[in-house]
Amino acid sequence: MISLEQLVRKNIWSLAPYSSARDEYSGKEAHVFLDANENPYNAPYNRYPDPLQRELKAVLSRVKGVPENMIFLGNGSDEAIDLAYRVFCRPGIDNVVAIAPTYGMYQVCADINDIEYRQVLLDENYQMHADQLLAACDGNTKLIWICSPNNPTGNSFDRDEILKVLNSFQGIVVVDEAYIDFSQQLSLRQELPTHPNLIILQTMSKAWGSAAIRLGMAFASADIINIYNKVKYPYNVNLLTQQQGLEALKDPFEVDKWVKTLLGERTRLMQAFVELPICEKVYKTDANFFLARMTDAQAIYDYLVDKGIIVRNRTRVQLCNNCLRITIGTRTENNELLSALRQY
């Protein structure tokens, strides 16, 4: 990895961040707050939230095994994705490399930030190859995006291939682990101390059942996290989200139960799909969804919509022709889906 100063946009490196009222007295006790032009009534919602989410990060640090100063919290993982472009990529000059197909927000954020987005197709088994990703890079490539387990394909990538990218690329490698809790593969969080060019994304939206609160996580070196904190909006995670995040983290064993139940349902549902005459192939998955190639994905999707059952039609996505993406629901929901498909 080249120096962080060389990777970060010059204006961002020299940026003087906004100093919020809650930052200025940090570390001191206070009980009278007359500094932030807040309304003194309607506590606690009248006060601005902690801009660095210290209490929430302290709990996450214990759960995830990552030091607090190596954790960034954002308005969903999408904020951390967008910040990567704003921190590292010069509009109209730099580029990024990503696997394809993958999560669509990487390209959306690239387009918004005027960054060239270079796609490298997965192979016929939906696997990535480090050499192909690296070959797509040049001197202006700042980021490589790897989603593992991948969306929409569901599969995890060979750990050695990911490490090869990490060890060979001179820029920043972002590994999106939104679905890691459903996978038998271990998170790459343990690689953070030895790979200063690694950013790992995780979320409360999937296994933690908290998509509505919009709480995403980025784990990276303290230096990268400090830069993220400079660029983010001062109060990017609201009080309600911080409170509900703390509430969700109180019982990680309940989440383990949810994951175990969903994995059991995933196996059952995938086996049932294999037996459907309208299903041609079910792809291996490490997520809380699977991809299935159907005889006519669009017609089957429309039929399910008429039944009030919504799945994701991915037939227009590269390498996913005639594929539906099925999220694992409750046993009752899954049975309703199967009943409808058996009557198609």
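**Cores, a helix and some backbone details**

Good morning. In the largest nonpolar core, which has 52 residues, those touching the most other members are Leu-73, Met-128, Leu-133, Ile-144, Ile-146 and Val-165. The greatest contribution to this core comes from helix 8, residues 159-168, which supplies four residues. Please keep in mind that the model is a predicted one.

Let us take one core member, Leu-133. Which residues is Leu-133 in contact with, leaving aside its neighbours within four places in sequence? They are Val-97, Ala-98, Ile-99, Val-120, Met-128, Ile-144, Ile-146 and Val-165. There is also a second, separate core of 34 residues, and among its members are Leu-4, Ile-12, Tyr-117 and Ile-227. As a general background, nonpolar side chains in soluble globular proteins tend to be buried together.

I turn now to helix 11, residues 252-274. Its 23 residues, at 1.5 Å a residue, should span 33 Å, and the end C-alpha atoms are indeed 33 Å apart, so the two values agree. The buried residues of this helix are Val-255, Val-259, Glu-265, Arg-266, Leu-269, Met-270, Ala-272 and Phe-273. Their cover includes strand 8 (279-282), strand 9 (289-294), strand 11 (323-327) and helix 13 (331-342).

Finally, the backbone. The loop between strand 4 (141-147) and helix 8 contains Pro-149, and Pro-152 lies there as well. A cis peptide bond joins Ser-148 to Pro-149, with omega about 0°; another cis bond links Asn-151 and Pro-152, with omega about 20°.

Asn-37 is not a glycine, yet its phi is positive, near 55°. Is Asn-37 buried or exposed? Its relative accessible area is 80%, and exposed means over 50%, so Asn-37 is exposed. Thank you.

Notes: Residues are numbered from 1 along each chain as its sequence is written. This is a predicted model: local features need pLDDT of at least 70, side-chain atom pairs count only at pLDDT 80 or more; totals for chains, interfaces and linings use all residues. Side-chain values use heavy atoms; hydrogens and water are left out. A nonpolar core is a set of buried Ala, Val, Leu, Ile, Met, Phe, Trp, Tyr and Cys residues joined through side-chain atoms within 4.5 Å. Buried means under 20% relative accessible area, exposed over 50%, partly exposed in between (1.4 Å probe, protein chains only). Helices (H or I, at least four residues) and strands (E, at least two) are DSSP runs, numbered from the N terminus. Contact means heavy atoms within 4.5 Å. The expected span of a helix is 1.5 Å times one less than its number of residues.
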